[in-house]
Structures are given as structure tokens and as C-alpha cells.
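Visitor: I am new to reading structures, and I would like to take a close look at a single part before I try to follow the rest. Could you start there and then lead me outward, step by step?

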Amino acid sequence: MNEAAPLPEAAVVAEKLTKRYGSLTAVEDLSFSVAPGEIVGFLGPNGAGKSTTMRILAGTMSGTSGRAAIWGVSVALDPVGAKRHLAYMPENNPLPEDLRVEEYLTLRARLKDVDPARVDERVRRVMDDCDLTRRASGRLIGQLSKGFRQRVGIADALLAEPRVVILDEPTIGLDPHQILGIRDLIRSLRGKMAVLISSHILHEVEQVCDKVVIINRGRLVAQGRTEDLRRELLPEISFTIVTRADAAALLAACRATEPAATVATLPSVDGWNAFRIGLPSASPARESLAGALIAAGISLREIAEDRFGLEDIFLAATRRAPGEARRP
Amino acid sequence: MRHFRTLLAHELRSAALSWNTWAAAGLFLALMGGIHFFALVEGSRAPSDRTPVESTLWFFWLPLLCVLPLLTMRTFAEERRSGTLSALLTTPASPAAVVWAKFLSTWIVWVVFWLLFTLFPLLTSQRLGTPGDVRLSDPSILWGGLCFIATSGLLHVAIGILCSCVTRSSALAALLAFICLLAMTAAGGAMESLPIESWEWLGWLREPAAHLRTFGHLQDFAAGILDSRPIILYGTGTLLCLGLAILSVEGQE
């Protein structure tokens, strides 16, 4: 990496990006950014426009309107300049079948302007990092399993130590051990490279990413840190309660503490009644609910706050109308 | 330029290791070997104005139509189909460097095929000819003809590359190249055979038609006549086709 270059405010900028295919709008008015060294998850249902957006950012497809910039360089005006800062692994990760892994990575290193004196060293390094050295370095790419092919794609992305890495579904087709390895690898890039990663495995994204950008039908529906999105998109917190009390008694006890509380009946557990109590997320009753219920004479077998994960955020975000998202 | 050299070396290496190249080489040598054999047999039966080498070179259109499309068809069509072209274009290598590298490597392979062909007349002359008699190898016609093949090959390969750029199907690319090369090879002769003289409104075509005589160019080159017009024709045609190919690749970005 060129350490002397000034640090831009954003490593990746998408500004009012739009892509139309005739009457079909794949991406519309999409704006988001990725800060240097930040790992951002790019989420959306199938056909939401994730791959199209990533291809526009990578310069392999031109947008209809809007601006895309990589490390401050416009992708449309200076595609070669932008590509010097970028590595992109597309969704299906196309690789030449008739090259050996080491040959392929050496070729890619030369094309990516890696210092000729460092090509061998970089190739060995990324093959080690992606666990390719022992089992795949001398094999033809066409003979590799899906998992090893994904690793070759990721090794290629890291080869030239780019400022920005865009990975479209990097863990697709990998087994759980490989996913863990790739997750650790991506984590290790935090602070060194800006990473934009799309994945259908929301748990992975939650584990690895600093923030998420969620799109639906080509438009931004949410973006920010998971915690912030949880507050924004899931305004209610909930508790699951297993008790002998009935719904009316429970509701009365809850309302005494928080007038906006709601109670929903769940299937009974071992003959005990189960309920979900909903409270506004800012309600002070969150901390005192258990005590208040016991004080009201409600016998509790279990009480636990429901943890909303990225899946719940994703579902809530993709259900709401495009355009409701806050601007970056 | 560094990318171009890297890509050219890669393309040459891929060509050398590709079954497609070896199959094309086999077909080429079988075709030209067969033609040369029959030219020798015919030459031994009856006296002819043409030497065996000249007769063989006259059939240059046969490998041009049957073998060259096999070499060019996969250059871009296969890479577009598999997606590796998109992956290649995510690097700082420009579409122009990619097109020029594929063009030049294919042209080099094409010229190497023809250099291999020279073994037929040279070996025939060495084995069957008498010392000092050059009629069987006919070096002036042989090397003049090869200069024509190399010069016209620039445009022929560029046409094949362009055809490969516009489709994802290698078979369709080969068919397109076959049609374009057939039209190009036959155009001059066909236009000359038209009664242009009697159609006044087509009179302007007379001179351009004369410039398109592919077989006339072969005759001139083989006779050692260096005319700049066909060289300019093939040169500008090559640049035009490659320019269109670059635009086509850029359009896929």
C-alpha cells in the first residue's frame, strides 16, 4: 500500500447511484459510504440490486446515473485509477480452469501492479493466509472444490493489499470450518482495508461487520451500526415470561409499571402459561419489570429479554417502504 | 505497456498449452500437407505454369476459412461466457491492452502455423530435388507468399477477434468469423466479375473493387512487388476491427 497518500474521508462512496435496464430499475438513488478500515455488510433480499451495485462500484458495469468513487477516485472518470485501489470478488467468482493456483495468483499480482520484486512473496503470503499452500498451490483451478475456489478468489482480492475490498457472497459454498476461517481473515482486515461484503448469512455479517447497509428493490432501506438500527427499526423490546398467572393479571401488573405495555399469549410450556410482554425500547420498566411483577404477586418460572438479531433488523428493514431510511 | 507484456506472455503460454491450438495446428498441417502433396503429384504429371509451392499457396483461403476461426473463436467469447473477462477487467489492465495482447498472440500462432508449413516444401526439396534446383522449394515465392499471409493475417485475425468479442458462444464466433473472412476473400473477385462497367451508377466501385483483390495481393507479394496500397488496406482494416473490439469490451464493463 502507498502509505504516503492522503487518507480520504470515505474509502467507498455511492452517491445517488441508479441503474436501469430499459424499463426495469435495478438500483435507484442509492447513497452510502464506507470509511477507511471499516467493514460494512451489504444486505438485501435476492434481486435487491446488491450485485449490480457492487459491479458498478468495481467498475465492471456502468451506472445510469449517480457517482461511485473508490478512495476518492471516480470509477466512471478514472476506472484504471479506481481499480488500483480496489479488489473485487464477484458472486460466482469466475476463475480460469486451466491455470494452477500459484500461476493464476502470480499473473493477477503482475496485473495488479504489485512490485515485481515482491510478487513471489505476496503470492506465498496470501496462499498461506487463505490456507492454500499445502493442499492447492500446485493444482489446476478446474480441479478445486467450491470452497478452495472461493479461497483462491479471496486470496486474489488480498494480493495487492488494496485500500478497498468488495466481496460478493464470499462464504457461499463453504463448510462451517471454512466459514470460520474466512470470518477470521476478514476480521483481520479491520483497520487495514475498507471491506464491503455481501452475504446471505446474517449471523456472519453481524459477527464481522462494523455497520450494515440494507437495500430492497434497489433502494436504501436502512444503514448504520447494528445497535442503532435495532433502536430505529425495532422500537419495542420484549420479554418472554413463563408463569402460573393468566393474561389479564399479567397485563394489569405490567400496565401498572408501563402503561404502553402489551401482552401476547404464547404456546404453554410444560403446563405453564407463556406470554410475550412488549415494552417501548426507551421504557424505564425494562430494568424493573421482573421486580414489579413479583411485587404484584405474579409467580415467575422464567423471564428473559428477547434478543433481536440482525435477522430481525433485516426483516423489519426490508418490510418498510424504500425511502424511509435515514440519509448518511 | 507492462500489462500488455504480462497479458501477451500469458496468452502465448495459454495458446501453447491449449488443446484448441494443437487441434487447429493438426488440421492446418493436414490441410496444407494434403494440398502440397496433390500439387506435387499434379506437377509431376503435366507441365504447369505454377510451381508446387505457388499452387499450394493459392489455397491459402482454405486454412484461412477452416483453421483461423478455430484460433480466434475462444479469445473473447469463452472468457465472456465463463466470466473471466469481467474478472480480468477488475484489474488495472485496460481493455485495449487485453484486446491487443489477444490479437498479437493469435497472430503469432497463425504465423507460426505458416512457418511450420514451410517445412513441407523445404523437406520435399531436400529429399526429392537435385542439388541447386530450387523449383520444389521456390524460396522467392514461398517467402513472398508468407509475407502476404503475415500482412493480410493482421486483418484476418482482427476480424476473428472482433467476431469473438460480440458473442458469448465460441461456435457462433467461429461461424461469424468464417462468414466475414469468406466475404472478405471473395469480395474482390466477386466485384470484379460484376458487370460494373455497364452500370454507370456503380462506376465509383470500380477502383475500390480493384483494391480488394485478395488473390491479386498474394500474386503481387509472391512476385516480390511491394505495393503500399494493400499494406495500408490491411493495416487500417486491422486498426478499425481492433478499435471496434476494444469498444465492445469496454461496453461489457
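Visitor: Where along chain A is the place of Trp71(A)?

Guide: Please keep in mind throughout that this is a predicted model. Trp71(A) sits in the loop that runs between strand 4 (65-70) and strand 5 (73-74) of chain A. Its backbone deserves a look, since Trp71(A) has a positive phi of about 50 degrees although it is not a glycine. To decide whether Trp71(A) is buried or exposed, we count the C-beta atoms around it: a residue is called buried when 20 or more others lie within 10 Å, and Trp71(A), with 21 such neighbours, therefore counts as buried.

Another loop of chain A can be read in the same way. Arg217(A), which lies in the loop between strand 9 (211-216) and strand 10 (219-224) of chain A, is a residue other than glycine with a positive phi near 50 degrees. Here, however, the count is 17 C-beta neighbours inside 10 Å, and so Arg217(A) is classed as partly exposed.

Let us add a glycine to the picture. Gly49(A) belongs to the loop between strand 3 (39-43) and helix 1 (50-58) of chain A, and because 22 other C-beta atoms lie within 10 Å of it, Gly49(A) is buried. If we leave aside residues up to four places away in sequence, Gly49(A) touches Ala26(A), Val27(A), Gly44(A), Ile215(A) and Gly218(A). Among these partners, Ile215(A) and Gly218(A) can be found on the chain around Arg217(A), the residue in the loop between strand 9 and strand 10 of chain A. For a sense of scale, Gly49(A) and Arg183(A) are separated by 134 residues in sequence and by 24 Å in space, from C-alpha to C-alpha.

From chain A we can cross to its partner. The contact between the chains takes 21 residues from chain A and 16 residues from chain B. On the side of chain A that touches chain B, helix 2 (79-84) and helix 3 (101-111) of chain A each supply at least two residues, and the largest share, four residues, comes from helix 3 of chain A. Sorted by class, the residues on this side of chain A are 10 nonpolar, four polar and seven charged.

Chain B is built from 13 helices and zero strands. Its 253 residues would, as a compact globule, have a radius of gyration near 18 Å, and the 20 Å of chain B agrees with that. The C-alpha atoms of chain B fill a box of roughly 60 × 55 × 30 Å along the principal axes, and 41% of its residues are buried. Of the contacts in chain B with a separation of 6 or more, 79% join residues that are 24 or more positions apart.

How the helices of chain B pack can be followed through helix 7 (residues 95-117), which meets helix 1 (residues 2-17) of chain B with the axes 8 Å apart and at an angle of about 40 degrees. That angle makes helix 1 of chain B oblique to helix 7 of chain B, and the crossing is right-handed. Residues of this contact include Phe4(B), Leu7(B) and Leu8(B) from helix 1 of chain B, and Trp100(B), Lys102(B) and Leu104(B) from helix 7 of chain B. By class, the contact has 12 nonpolar, two polar and two charged residues.

Helix 7 of chain B also packs with helix 9 of chain B, where the axes come within 9 Å and cross at roughly 140 degrees; these helices are therefore oblique to each other. Among the residues in this contact are Lys102(B), Phe103(B) and Trp107(B) of helix 7 of chain B, and Val157(B) and Ile161(B) of helix 9 of chain B. The division by class is 13 nonpolar, two polar and one charged.

Helix 9 (residues 139-165) of chain B leads us on to helix 5 (residues 68-82) of chain B, for their axes come within 7 Å and cross at roughly 40 degrees. Helix 5 of chain B passes helix 9 of chain B in a right-handed crossing. Leu68(B), Phe76(B) and Ala77(B) are among the residues that helix 5 of chain B brings, while helix 9 of chain B offers, among others, Val157(B) and Ile161(B). This contact counts 10 nonpolar, five polar and no charged residues.

Conventions:
Residues numbered from 1 in each chain as written. Chains lettered and ligands numbered in written order. Predicted model: local features only at pLDDT ≥ 70, side-chain atom pairs only at ≥ 80, totals over all residues. Axes fitted to C-alpha atoms, helices over the stretch in contact; angles between N-to-C directions. Left-handed = near helix turned anticlockwise from the far one by under 90°. Contact = placed C-beta atoms within 7 Å. Nonpolar A, V, L, I, M, F, W, Y, C, P; charged D, E, K, R; others polar. Rg over C-alpha atoms; globule rule 2.2 N^0.38 Å. Buried ≥ 20, exposed ≤ 12 C-beta atoms within 10 Å, placed from the backbone. Parallel < 35°, antiparallel > 145°, perpendicular 65-115°, else oblique.
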